Structures are given as structure tokens and as C-alpha cells.
Amino acid sequence: MEYAIARRRMVETQIMRRNITDPAVLDAMRKTPRHLFVAEGLRAHAYTDTSLPIGEKQTISQPFMVAAMSAALGLQGDERILEIGTGSGYQTAVLSSLVSRVYTIERISSLAGRARRIFDQLHLTNINLKVGDGTIGWKNHAPFDGIIVTAGAPEVPVEFLEQLAVGAPLIVPVGPRGCQVLLRVIRSEDGSYEREELMDCRFVPLIGEQGWQDNGD
Ligand code: SAM
């Protein structure tokens, strides 16, 4: 009950006040129990306006960023979405209540295992999760109606562009380690890509074949 109150307050003060207005996104943020995706010792901080550590030098994203990236996809409800960087699984769970299916890839198997257990506990049955290098996408299930990347890339990985359906958006943080710009790239019918800068952001690095090298960060 206390968590539900904290969650409602989080939506009002951190998300609506920052001009996220999509009712479906606000509803998903109101009902997704972020406290289950953080370690027990951090649950008191689950609804604060910040990212939090989840182990393996990774983080659960700030609630506002999860809402903003979900809203940036411009969802109708029947999409198949690819997410790169499952992490805690929180963004995945928010998306699972907004779309018909979420495909999510995490490179660290312990995080993927933990996320999978929470999805099972919450009976989220429209999620396909795999462990691997997400920078090469998930060809077998492409094209996607949207792709969301929750780690910072040095540049836009070409595989993501190729795995987008026509008219579909890719939401991806791009820039140097520690400071990126969140981009929305939309695949047009004529084969070109429209690129728009949404906001400054700061994500952990996207590590892999089309990302950064793993140097222990
Ligand atoms: N949205 C997630 C959440 O709310 O918990 C945040 C994820 S965290 C900021 C980024 C995640 O991307 C980390 O778990 C990291 O291991 C993962 N990651 C980094 N490079 C990856 C890659 N090439 N493929 C898949 N996952 C990757």
C-alpha cells in the first residue's frame, strides 16, 4: 500500500511535471512495482528520482527516463518492441504492459536470470528474454515496431537501423562514455532515416561488437 502511494506520487512529481502526458505510459508507471526490481536494502529508495545500482556495475534507470523513453516510442498498444539492455527488467516490465510483445537482450547472465524470475513472479508472459550481445539486434524476430536501447552507444549501431520496420522509431543514447544525447531515429518509407535529438542523458556503456569494448567499467 505504501509503495502504491509512493508510486502515485512519483508519477505526479517526477513524470507529469516534466511534461510526460501519454495516459498509457502514466498508467504503466503507476502500476509497475519498481521496488521489486531493486535489492531489498534499496527498496526504501525505489520511488526516488534517480537511477540505482543493481550489481555488476549496472543500474536501474531513473523513473523519468523510463517514462520518457517509453513515451518517445509513440506506442499504440499492438507493437513488437526490441529492448537492448534488460538490466533489472524494470523498463521491460513497463513496456510489457504497453505493447503486445517485448524482445529483450541482456549481456550479463546473472542480471538476466534475476529479471526473468521477477517477470515470472509478476506473470508477465509477453516477454522474450535472451542473454547475448544486443548490439547485433535479434534478426530472427525483425523487423520491430520500435527499438529501445538502455545503454550508451558510441554511434548508432547499423543493425538496429536495418531491423526497424518502416515508420518505426529507434530510441538510443549516443555519445562518449558518461555523457550522451538521447536520439530518436525513424525509418522512412524511402529508406532514409530521420534523426531527432530528445535530451541529454547519462547511461552505462553499450558493450559489444557494435558498441564499446569492455574495459571493466
Ligand atoms: N532499463 C534498465 C533498467 O531499468 O533496469 C537499465 C539497464 S542498464 C542502464 C543497461 C544494461 O545494458 C546493463 O544491464 C548492461 O549489462 C546492458 N548492456 C550493455 N551492453 C549490452 C549489450 N551489448 N547487449 C545487451 N545488454 C547490454
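How many nonpolar, polar and charged residues does the shell around the ligand have? By class, there are eleven nonpolar, 13 polar and three charged ones. Keep in mind, as you go through these close-ups, that the model is predicted.

**View 1. The ligand and its nearest neighbours.** This close-up takes in the 27 residues around the ligand. Those that come nearest are S88, E106, D133, G134 and I207. Looking at secondary structure, you'll find that β2 (58-60), α4 (90-96) and β4 (101-106) each give at least two residues to the shell. The top contributor is β2, with three residues.

**View 2. Polar atoms facing the ligand.** Zoom in on three of the neighbours here. S88 uses its side chain: one of its polar atoms is 2.6 Å from an oxygen atom of the ligand. With G134, it's a backbone N or O atom that matters, lying 2.8 Å from a nitrogen atom of the ligand. I207 also brings in a backbone N or O atom, and this one sits 2.5 Å from a nitrogen atom of the ligand. As for cover, the ligand would expose 600 Å² if taken alone, and the protein buries 99% of that.

**View 3. The cavity that holds the ligand.** Take the ligand away in your mind, and the space it takes up is the largest cavity. Its volume is about 310 Å³. In fact, the count of cavities of 30 Å³ or more comes to one. The general idea is easy to picture: rolling a probe the size of a water molecule over the atoms shows where empty space is left.

**View 4. What lines the cavity.** The largest cavity has 27 lining residues, and G85, T86, E106, T150 and A151 are the ones nearest its centre. You may recognise E106, which is also among the residues that come nearest to the ligand. At least two lining residues come from each of β2, β3 (80-84), α4 and β4. The largest share is that of β2, with three residues. Sorted by class, the cavity lining has eleven nonpolar, twelve polar and four charged residues.

**View 5. The largest pocket.** Now for an open space in the protein: the largest pocket, with a volume of about 250 Å³. Its lining includes S51, T59, S61, Q62, F64 and M65. Further along the chain, M199, D200, C201, R202, F203 and V204 line the pocket too. Which strand gives the most to this lining? That's β9, with three residues. Both α3 (63-72) and β9 (193-201) supply at least two. By class, the pocket lining splits into six nonpolar, four polar and two charged residues.

**View 6. A cis peptide bond at P143.** Find the loop between β5 (127-131) and β6 (146-149), and you'll find P143 in it. The peptide bond joining A142 and P143 is cis, with omega at about 0 degrees. Most peptide bonds are trans, for comparison.

**View 7. A positive phi at E56.** Here's another loop, the one between β1 (52-55) and β2, where E56 has its place. Phi of E56 is near 60 degrees, a positive value in a residue other than glycine. As a general rule, most residues other than glycine have a negative phi.

Conventions:
Residues numbered from 1 in each chain as written. Predicted model: local features only at pLDDT ≥ 70, side-chain atom pairs only at ≥ 80, totals over all residues. Heavy atoms only, no water. 1 Å grid on protein atoms, 1.4 Å probe; cavity = no way out; pocket = protein on both sides within 12 Å on 5 of 7 lines; lining within 4 Å. Points joined across faces, edges and corners; volume = space filled by probe spheres on them. Helix = DSSP H or I, 4+ residues; strand = E, 2+ residues; numbered from the N terminus. Nonpolar A, V, L, I, M, F, W, Y, C, P; charged D, E, K, R; others polar. Near = heavy atom within 4 Å. Polar contact = N/O pair within 3.5 Å; in protein donor to acceptor, adjacent residues only side chain to side chain. Areas by Shrake-Rupley, 256 points an atom, 1.4 Å probe, with all protein chains shown as cover. Sits in = over half its atoms within 2 Å of the grid points.
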